[in-house]
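Here are some notes to read alongside the structure, written for someone who is new to looking at protein models. Please keep the sequence and the 3D view open as you go through the points.

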Amino acid sequence: MSSIPKDYLKEEIRNDFLVTTMRKKVWQKEIGCFEQFQRICDKYNLKYFAFAGTLLGAVRHQGFIPWDDDMDLMMPRRDYEIFLSVANNELRQPYVLQCHLQEDDFYCGFSRIRDSNTTALIPGQWSPRTNINHGIFIDIFPFDSLPDNWILRNFHAIVGKALSVICNGKMFDLSLKPKNLKQWIINFCRMILRIIPVRLAVKWRDNWISKYNDKNQKQVGLISMFYGCERWVWDKQDIINSKYVPFEYASISIPTGFDNILKKTYGDWKVPIKGGSLHEGIFFDPDTPFTCYLKNYCQ
């Protein structure tokens with residue numbers, strides 16, 4: 001693991017933005033999760049890349065975007081499935097793998113590595129009813145091939161989104177009394193969806209999403225999360241090869257076609273635009289285990 005620079009946690013100004021000690025503590029915990037992930041990938045020769053804000057931060061800031069607070073990584077579906085099969089045995093406390101194979105209440109089309117000695121409470125995703133780990137985390141997404149034909153691609157996205165709704169069915173709160181006919185119908189549909197076991201629904205979804213991976217398609221995308229959104233679709237040639245670049249006090253793998261990917265995703269990516277993170281609103285505490293908060297909440 002990388003050694004942490006002596007003064008790393010001191011607050012500083014980056015791009016005219018104050019990076020506080022608290023934000024740096026969150027970054028430090030996320031890098032800890034990432035280095036566990038990278039260790040597993042190196043051991044099993046698995047390919048991965050930084051993407052989204054993490055890729056942007058790596059090439060533009062040599063680390064986190066100063067106003068960002070998360071790490072996003074992506075893997076080819078084959079490597080991703082191998083990772084899921086070995087990570088649980090490779091990780092040691094406080095680090096845990098979070099995916100549908102480990103937690104029945106985690107239905108998402110991606111996985112996470114969490115630090116159990118910390119807290120990251122995501123609005124709408126935590127309550128005493130959901131039995132999942134709530135430590136600080138990194139996100140790990142599989143990417144898949146897409147059909148080249150425009151009609152097939154849109155049909156593929158529509159069905160994938162519908163299967164995702166089935167996976168999400170058990171997470172909806174049905175305790176609120178419907179106020180009109182539309183809400184009654186929606187609640188009825190959600191009750192039906194809960195009959196289908198989540199793991200079965202996840203299997204249907206993932207099998208459908210990955211059905212073009214063995215075919216010679218020209219593009220790939222994060223269709224397990226961003227159904228039908230072209231900004232998350234890239235030419236396969238841009239992510240065949242990778243290289244390592246500095247990321248804070250560690251290093252991270254990025255695709256050699258990063259310029260094309262960032263242009264597709266963000267447009268003029270070289271010009272910093274200050275804004276909130278995709279995880280805006282998360283309650284972070286890098287010094288306290290999430291179990292302490294849940295215990296107090298349930299009392």
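How many cavities of 30 Å³ or more does a search of the whole structure find?

1. The search finds 2 such cavities. Please keep in mind throughout that this is a predicted model. The second largest of the cavities has a volume of about 30 Å³, and its lining is made up of R77, Y80, L84, H100, C108, G109, F110, R205 and D206.

2. If you wish to place this second largest cavity among the helices, look at α3 (77–90) and α6 (198–209), each of which supplies at least two residues of the lining. The largest share, 3 residues, comes from α3. In character, the residues of this lining divide into 4 nonpolar, 2 polar and 3 charged.

3. The overall picture may help you to find your way before you go into detail. The protein chain has 8 helices and 13 strands, and 52% of its 299 residues count as buried. Among contacts between residues at least 6 apart in sequence, 69% join residues that are at least 24 apart.

4. The largest nonpolar core contains 66 residues, and those that touch the most other members are F37, M75, F83, I113, I138 and I252. Helix α1, which covers residues 21–43, gives the most to this core, with 7 residues. There is also a second, separate core of 7 residues, and V26, A120, I282 and F284 are among them.

5. M75 is a useful residue on which to centre the view. Which residues is M75 in contact with, leaving aside its neighbours within four places in sequence? The list consists of F37, C41, L46, K47, Y48, Y80, F83, I140, F141, P142 and F143. Two names in it, F37 and F83, appear with M75 itself among the core residues that touch the most other members, while Y80 also belongs to the lining of the second largest cavity.

6. Helix α7 (residues 258–266) repays a careful look from the end, along its axis. Its buried residues are F258, I261, L262 and T265. They lie on the same side of α7, because they cover an arc of only 95° around the axis. These buried residues pack against α2 (52–60) and against three strands, namely β10 (233–235), β11 (242–247) and β12 (250–255). Following α7 comes G267, whose phi is positive, near 80°.

Key:
Residues are numbered from 1 along each chain as its sequence is written. This is a predicted model: local features need pLDDT of at least 70, side-chain atom pairs count only at pLDDT 80 or more; totals for chains, interfaces and linings use all residues. Side-chain values use heavy atoms; hydrogens and water are left out. A nonpolar core is a set of buried Ala, Val, Leu, Ile, Met, Phe, Trp, Tyr and Cys residues joined through side-chain atoms within 4.5 Å. Buried means under 20% relative accessible area, exposed over 50%, partly exposed in between (1.4 Å probe, protein chains only). Helices (H or I, at least four residues) and strands (E, at least two) are DSSP runs, numbered from the N terminus. Contact means heavy atoms within 4.5 Å. On a 1 Å grid over the protein atoms alone, a cavity is a set of points where a 1.4 Å probe fits but cannot get out, and a pocket is an open set with protein on both sides within 12 Å along at least five of seven lines; lining residues have an atom within 4 Å of a point. Grid points are joined across faces, edges and corners, and a volume is the space filled by probe spheres set on the points. Ala, Val, Leu, Ile, Met, Phe, Trp, Tyr, Cys and Pro count as nonpolar, Asp, Glu, Lys and Arg as charged, and the others, Gly among them, as polar. The arc is that of the directions from the helix axis to the C-beta atoms.
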